[in-house]
Amino acid sequence: IIPRFGVYATICTTENGKKYIGVSNVGIRPTIFENDTHSVNCETYIVDFNGDIYGQKLKVEFYKILRLEQKFSSVEELRLAIDTDAKNAVAYFEAVGGAL
């Protein structure tokens, strides 16, 4: 099942069981891949994570849609939106009593 294209507040669990708040985008990444409208993917930014987990399995649980996917005029504008999304995800989990 592919969720609606957009940005979601998520909880990410690493292979060692540690949980982090995440922001996950489901869609076609229109800012980065302007002409590719067929490759749907999911990318997750893990808030306050510093480490290397490439090659590991990551469980991503979707909780709330924060906004619909959109195309930004620049990568910098996209980065600023991701920062805002991360703050909104943290605020969401604080408001509902956390999921960690």
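In this predicted model, a polar atom of the E69 side chain lies 3.2 Å from the backbone nitrogen of I28, and the side chain of E69 also makes a polar contact, at 3.1 Å, with the side chain of N25. The residue E69 itself is placed in the loop that runs between strand β4 (59–68) and helix α1 (75–95). Although E69 is buried, it has no salt bridge; the nearest side chain of opposite charge belongs to R29 and is 7.0 Å away, a separation that falls outside the 4 Å limit used for a salt bridge. When residues up to four places away in sequence are set aside, E69 touches F5 and G6 as well as N25, V26, G27, I28, R29 and P30.

Two of these neighbours, N25 and R29, reappear at the largest pocket, where they are listed with E43, L78 and I82 as the residues closest to its centre. The space in the largest pocket amounts to about 370 Å³, and 20 residues line it. Strands β2 (19–27) and β3 (41–46), together with helix α1, each supply at least two residues of this lining, and the largest share, 4 residues, is contributed by β3.

Among the residues closest to the pocket centre, L78 has its place in helix α1. With residues up to four places away in sequence not counted, L78 touches T31, I32 and F72, while the C-alpha atoms of L78 and F33, residues that stand 45 positions apart in sequence, are 13 Å apart in space.

Definitions and conventions: Residues numbered from 1 in each chain as written. Predicted model: local features only at pLDDT ≥ 70, side-chain atom pairs only at ≥ 80, totals over all residues. Heavy atoms only, no water. Buried < 20%, exposed > 50% of the residue type's maximum accessible area, 1.4 Å probe, protein only. Lys, Arg positive; Asp, Glu negative; His and termini not counted. Polar contact = N/O pair within 3.5 Å; in protein donor to acceptor, adjacent residues only side chain to side chain. Contact = heavy atoms within 4.5 Å. 1 Å grid on protein atoms, 1.4 Å probe; cavity = no way out; pocket = protein on both sides within 12 Å on 5 of 7 lines; lining within 4 Å. Points joined across faces, edges and corners; volume = space filled by probe spheres on them.
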